[in-house]
Structures are given as structure tokens and as C-alpha cells.
Amino acid sequence: MTDTPEHDDIGACAAQVARADPDRFAAVMAAPVALRPALFALYAFNAEVARAPWVTQEAVIAEMRLQWWRDALEEIGAQGQGGPLRRHEVVTPLARALAAPEAALLDDLVLARRWDIYRDPFEDEAAFHAHIEQTGGILMQVAATLAHGAPLTEGAAQAARDAGYAAGLAAWLRAIPAMEKAGRLPLVDGRPEAIAALAQGGLARLKASRAARKHLSKPARAALLAAWPAQPILSLAAKTPARVAAGDLALPEFAQKTRLIRCALTGRW
């Protein structure tokens with residue numbers, strides 16, 4: 001029996017997520033099997049978009065790469081009108097999962113990634129928080145929507161965004177040494193007390209998400225397992241902000257596995 005093109009696409013997406021985003025790969029593998037194809041397509045898309053600004057030193061080329069994904073999302077959103085859709089190992093399976101509203105949300109995510117192209121600092125704290133919201137928050141909202149299989153209620157969407165913000169902030173803090181080495185200015189205020197406050201804010205958003213889990217269906221809650229590393233990473237940053245600059249926010253492998261298993265068994269992120 002030969003594999004179908006759809007099966008091949010999902011396999012390629014899964015392999016890409018495993019390479020580029022092992023934490024989310026682990027979360028998808030802990031989710032029900034039926035949810036995995038859509039989540040792998042979504043996270044492969046996210047990996048491609050996150051990578052686009054970093055594969056070239058030419059800003060124009062990076063802009064073109066992001067525009068390619070914006071054009072692909074526009075095609076996905078227009079599927080109901082019978083518009084053409086490009087054949088691509090990520091775009092094709094993503095199109096099977098996305099509806100037009102979610103494609104529009106992901107367009108905001110792509111736009112937010114333009115910050116990564118340039119070396120300008122964030123204008124202010126509001127701009128920084130908006131960036132995390134538009135990347136981590138939107139991604140988790142779309143993941144929960146795909147898992148739920150229908151539009152989310154306002155309460156469910158906010159719960160997903162809160163979890164996504166916390167997960168996005170945790171990933172951002174872990175990436176700060178690499179971003180600074182690349183000449184970026186990833187924080188508006190790098191003082192230890194400011195970093196601790198950021199981490200505390202992320203923990204508050206995570207707590208709010210957990211408190212609102214009643215608004216989420218069981219499949220949507222499974223999608224929010226992708227926030228599983230956020231609690232320990234943000235807690236470390238809040239307690240010892242110097243760990244951020246030192247690149248010392250990684251959890252021991254055994255602790256990672258134990259936490260993910262616990263989150264999967266309890267349905268709590």
C-alpha cells in the first residue's frame with residue numbers, strides 16, 4: 001500500500017516541526033491522533049514563517065519570503081470562492097484545516113514577524129506585548145480552533161490567547177541570548193526587575209487561561225498542551241532574571257518529560 005500525497009505532506013510537516021520546534025512536536029504527539037494532522041500543518045507553517053527573516057541578511061528578500069506566506073494565506077481564505085491554491089507540502093495540508101477567519105488571523109502573525117527582519121527596538125512596552133500576542137497568542141488561538149473544529153466562543157478564544165501569550169513569552173526569553181548575538185534588541189527594558197515583572201505577567205496570563213478552561217472543549221484543551229513548558233520557564237525567569245541573559249532557562253530532560261506526561265494526563269497546561 002502506497003502513501004497518499006496527503007499522508008506524505010503531513011509526514012513532511014511533522015518532520016519539520018520535530019526539527020524546528022521540538023517542544024510543540026512533543027505536545028502534538030501527546031494530543032489525540034485525530035488532531036495531529038491539522039496541528040502539524042499549523043506548526044510547520046509557524047516554523048517556516050519564524051525562520052523566514054533569519055535565512056538571509058537581505059531585508060528585501062526576507063520581506064518577499066513573508067509576503068509569499070501572506071499570499072498563500074490569502075489563497076486559503078479565498079477557497080470558498082473557488083480561487084487557485086498553490087501546491088506546497090505545508091500550504092496544501094494547512095488549507096484543508098483552515099477556514100477564512102483563521103487564515104486572516106495567521107496573516108497578522110506573519111505581519112508581526114516583520115520585526116525580526118530589522119534591528120530596530122520595540123517602540124515601547126505596548127509594542128513588545130503586541131508582538132508576543134500576535135505571534136504566540138494568535139498561534140494558540142488558531143490551534144485551539146482547529147482542534148475544536150468550529151469557531152471558539154469569546155471565553156475560549158481568550159483562554160487560548162492567554163496560554164499562547166505565556167508560551168510565546170517563555171520561548172522569547174529563552175531566545176534572548178541568540179537574538180542579542182544576532183544584533184537584535186529583544187527587550188524594551190533589560191533590567192533584572194523588569195525581566196522578572198515580564199515573567200510574572202506571563203505567569204498571570206497562564207493562570208487566567210487555566211481558570212477559564214471550562215470554556216474550552218476537550219479537543220481545544222488538548223491543543224493548549226503546547227503551553228506545557230511555560231510555567232517552569234517563566235517561574236525560573238521571575239525568580240532569577242539573570243538566567244535569561246545567561247541562556248540558562250532550559251529544563252533537565254527528565255523534568256521536561258515528566259512535566260509533559262503530567263500535563264497530558266491531567267489535561268492542564
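**Exercise 1. Count the cavities of 30 Å³ or more, then describe the linings.**

Step 1. The structure holds two such cavities. It is a predicted model: local features need pLDDT of at least 70, side-chain atom pairs count only at pLDDT 80 or more, and totals for chains, interfaces and linings use all residues. Residues are numbered from 1 along each chain as its sequence is written, and side-chain values use heavy atoms, without hydrogens and water.

Step 2. Fix the term. A cavity is a set of points on a 1 Å grid over the protein atoms alone, where a 1.4 Å probe fits but cannot get out; lining residues have an atom within 4 Å of a point. Volume is the space filled by probe spheres set on the points, which are joined across faces, edges and corners.

Step 3. Take the largest cavity. Its volume is about 50 Å³. Its lining includes Asp23, Arg174, Trp228 and Gln256. By class, that lining has six nonpolar, one polar and two charged residues.

Step 4. Take the second largest cavity, at about 40 Å³. Among its lining residues are Arg24, Tyr43, Met140 and Ala167. Helix H7 (125-148) and H8 each supply at least two residues of this lining. Helices are DSSP runs of H or I, at least four residues, numbered from the N terminus.

**Exercise 2. Find which parts the salt bridge of Asp107 and Arg70 ties together.**

Step 1. Apply the rule: a side-chain nitrogen of Lys or Arg within 4 Å of a carboxyl oxygen of Asp or Glu. The count comes to 14 salt bridges.

Step 2. Asp107 and Arg70 meet at 2.7 Å, N to O. Asp107 lies in helix H6 (residues 100-112) and Arg70 in helix H4 (residues 59-77), so the pair ties together parts 37 residues apart in sequence.

Step 3. Check exposure. Buried means under 20% relative accessible area, exposed over 50%, partly exposed in between (1.4 Å probe, protein chains only). Asp107 is buried, at 17%. Arg70 is partly exposed, at 26%.

Step 4. Look for a network. Salt bridges link Glu133, Arg161, Asp162 and Arg205.

**Exercise 3. Identify the helix that gives the largest share of the largest nonpolar core.**

Step 1. Such a core joins buried Ala, Val, Leu, Ile, Met, Phe, Trp, Tyr and Cys residues through side-chain atoms within 4.5 Å.

Step 2. The largest one has 86 residues; Tyr43, Phe45 and Leu73 are among those with the most contacts inside it. Helix H8 (residues 154-181) gives the largest share, 14 residues.

Step 3. Inspect Phe45. Its contacts (heavy atoms within 4.5 Å) include Trp69, Leu73 and Leu106, not counting residues up to four places away in sequence.

Notes. 1 Å grid on protein atoms, 1.4 Å probe; cavity = no way out; pocket = protein on both sides within 12 Å on 5 of 7 lines; lining within 4 Å. Nonpolar A, V, L, I, M, F, W, Y, C, P; charged D, E, K, R; others polar.
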